[in-house]
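This report goes through selected side-chain contacts and empty spaces of one protein model. Please keep the sequence and the structure at hand while reading.

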Amino acid sequence: MHDELLEAIDAWLKRHVEPHVARLEHDDVYPAEMVEQMKKLGLFGATIGQEYGGLGLPAVTYSRIVARISEVWMSLTGIFNSHLMMALMVEKYGSLHLKKTYLPRFASGEIRGGLALTEPNAGTDLQAIRMRARREGERYVLNGTKTWISNGIHGACFAVLAKTDPDASPRHKGMAMFLCEKGEGFSAGRKLEKLGYKGIDSAELVFQDYAVPAANLIGGEEGRGFHHAVGGLELGRINVASRGVGVAAAALREAVKYSQQRETFGKPICEHQAIQLKLAEMATRVEAARLLVRNAAEIYDRGERCDMEAGMAKYFATEAAFENAHQAMRIHGGYGYSKEFAVERLYRDAPLLCIGEGTNEMQRIIIARQLIRRNRI
Ligand SMILES: Cc1cc2nc3c(=O)[nH]c(=O)nc-3n(C[C@H](O)[C@H](O)[C@H](O)COP(=O)(O)OP(=O)(O)OC[C@H]3O[C@@H](n4cnc5c(N)ncnc54)[C@H](O)[C@@H]3O)c2cc1C
């Protein structure tokens, strides 16, 4: 399915991305030219419905695209993944007015952005956020700071989680999600320096008496923001799991290649059993991760609940990326520590996957809770 699109993406990766990754990544440069090319490929509208100018891809195809791009440079996927999470909030929960106003411009990449949930004091515990939204007539006024927001500098529009009633009990009932365009009172703060995931910008977003029309309250009523944020997580986890597959596969590819080139004790190191054991484990992880992601994506596409399966895929595939990156570095010996080989980038990129879109500690808790719920005695 969608073979032509996948082929076009492969050709683009080979011709326009691969030759430039090392330079852009090491210099932490925003890949502006590649963003223009991604617009032409339709990636900013990959999962947006065709009626709004998107490609309307199913999660199965989308996850394959994300894995392939991550195999070459994971950072690129963040530029459209986070953007599509914002679009999902609008498409799934927004009013017809919001959909018609924004989705076509999101799909073309004319307006790009992301999802702003995390704050300096609250990541996993999202209900502890402090961002405040006060109703004033036909608008809301937002105050507070978000942090770690992908596309924070280069993005223009964000789905922002805020509290309309900080005293609500339970806490999630006092939360709402707003679609906010940068402008007076809303700007990007500092760009955050990171271990890996270079090129894409992660930044603070600062809101100081920022006024947003009440029509930009996603879902039209207060108290649903947490529900909306959580509602996007299944696809978000499939996204990140797919990145895990890509990074794990890239580490394996580099290790298989290098182990045939490097000789010790008169033979290529791939002929030493100690290396073979590592390669076999790495390859098995990639295959298992791919199958878990496909399973979760298929369930998602059928419109069924898949939080457990998406959680399993996210947990396993991202740990696979982490472990494979580590083993690939070991197989490269001293050269794995050199900036001249791709494995050092994979080694720096992989840990993020275990943290973002719900940490892997939380994934295991979610999996276990669902497991019990589905198997009550
Ligand atoms: C590069 C990067 C990009 C990001 N992009 C975005 C973005 O675009 N938008 C956005 O909103 N956020 C983004 N984030 C934030 C990310 O989602 C959070 O970092 C993540 O949710 C974890 O939150 P935290 O950092 O506050 O960790 P904490 O919540 O403080 O967790 C710290 C540790 O405690 C563990 N822990 C916490 N609670 C429990 C519990 N109940 N049981 C067991 N263990 C627990 C966690 O697993 C973790 O190991 C990004 C982060 C990074 C690093």
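The sections below cover aromatic pairs, a helix and its end, salt bridges, a pocket and a cavity.

## Basis

The model is predicted. The values that follow are computed from it, and residue numbers start from 1 along each chain.

## Aromatic pairs

A pair of aromatic rings is described by the distance of the centres and the angle of the planes. The model has nine aromatic pairs. In one of them, the ring centres of Phe186 and Tyr210 are 5.4 Å apart and the planes stand at 75°. Planes over 60 degrees apart count as edge-to-face, so this pair is edge-to-face. Phe186 belongs to strand S6 (residues 186-191) and Tyr210 to strand S7 (residues 202-213), so that the contact links distant parts of the chain, 24 residues apart. Both partners have low values against the 20% limit for buried residues: Phe186 is buried at 2% relative accessible area, and Tyr210 is buried at 6%.

The pair of Tyr335 and Phe341 has its ring centres 5.8 Å apart and its planes at 55°, so it is tilted. Tyr335 is partly exposed, with 42% relative accessibility, and Phe341 is also partly exposed, with 25%. Elsewhere, ring pairs join Phe158, Phe186, Phe207 and Tyr210 into a cluster. Phe186 and Tyr210 of the edge-to-face pair are thus members of this cluster.

## Helix H9 and its end

Helix H9 covers residues 307-331 and has 25 residues. From its first C-alpha to its last it reaches 35 Å, close to the 36 Å expected at 1.5 Å a residue. Gly333 follows H9 and has a positive phi, near 55°.

## Salt bridges

There are 20 salt bridges in the model. One of them is formed by the side chains of Arg68 and Asp10, with 2.5 Å from N to O. This pair links distant parts of the chain: Arg68 is in helix H4 (residues 59-93), Asp10 is in helix H1 (residues 3-17), and their positions lie 58 residues apart in the numbering. Arg68 is partly exposed, with a relative accessible area of 25%. Asp10 is partly exposed as well, at 32%.

Arg135 and Glu138 form another salt bridge, with their closest N and O atoms 3.4 Å apart. Arg135 is partly exposed at 44% relative accessible area, while Glu138 is exposed at 64%. In a further salt bridge, the closest N and O atoms of Glu204 and Arg190 are 3.5 Å apart. Glu204 lies in strand S7 and Arg190 in strand S6, so this pair ties together parts that are 14 residues apart in sequence. The edge-to-face pair of Phe186 and Tyr210 also has one partner in S6 and one in S7. Glu204 counts as buried, at 18% relative accessibility, whereas Arg190 counts as exposed, at 52%. Glu71, Arg253, Glu254 and Lys257 are linked in a salt-bridge network.

## Second largest pocket

Rolling a probe the size of a water molecule over the atoms shows where empty space is left. The second largest pocket holds about 390 Å³ of space. It is lined by 19 residues, of which Ser63, Arg64, Ala67, Arg68 and Arg290 are the closest to its centre. Arg68 is also the partner of Asp10 in the salt bridge described above.

Several helices take part in this lining. H1, H4, helix H7 (233-261) and helix H8 (273-301) each supply at least two residues. H4 gives the most, with eight residues.

## Cavity and the Phe44 ring

The structure holds one cavity of 30 Å³ or more. The largest cavity has a volume of about 40 Å³. Its lining consists of Tyr30, Phe44, Ile79, Arg112, Gly113, Asn151, His154 and Gly155.

Two of these lining residues, Phe44 and Arg112, are also in contact through a charge and a ring. The charged end of Arg112 sits over the ring of Phe44, 5.7 Å from the ring centre.

Technical notes: Predicted model: local features only at pLDDT ≥ 70, side-chain atom pairs only at ≥ 80, totals over all residues. Heavy atoms only, no water. Phe/Tyr/Trp six-rings, centres within 6.5 Å; stacked < 30°, edge-to-face > 60°. Helix = DSSP H or I, 4+ residues; strand = E, 2+ residues; numbered from the N terminus. Buried < 20%, exposed > 50% of the residue type's maximum accessible area, 1.4 Å probe, protein only. Lys NZ or Arg CZ within 6 Å of the ring centre and 35° of its normal. Expected span 1.5 Å × (residues − 1). Salt bridge = Lys/Arg side-chain N within 4 Å of Asp/Glu carboxyl O. 1 Å grid on protein atoms, 1.4 Å probe; cavity = no way out; pocket = protein on both sides within 12 Å on 5 of 7 lines; lining within 4 Å. Points joined across faces, edges and corners; volume = space filled by probe spheres on them.
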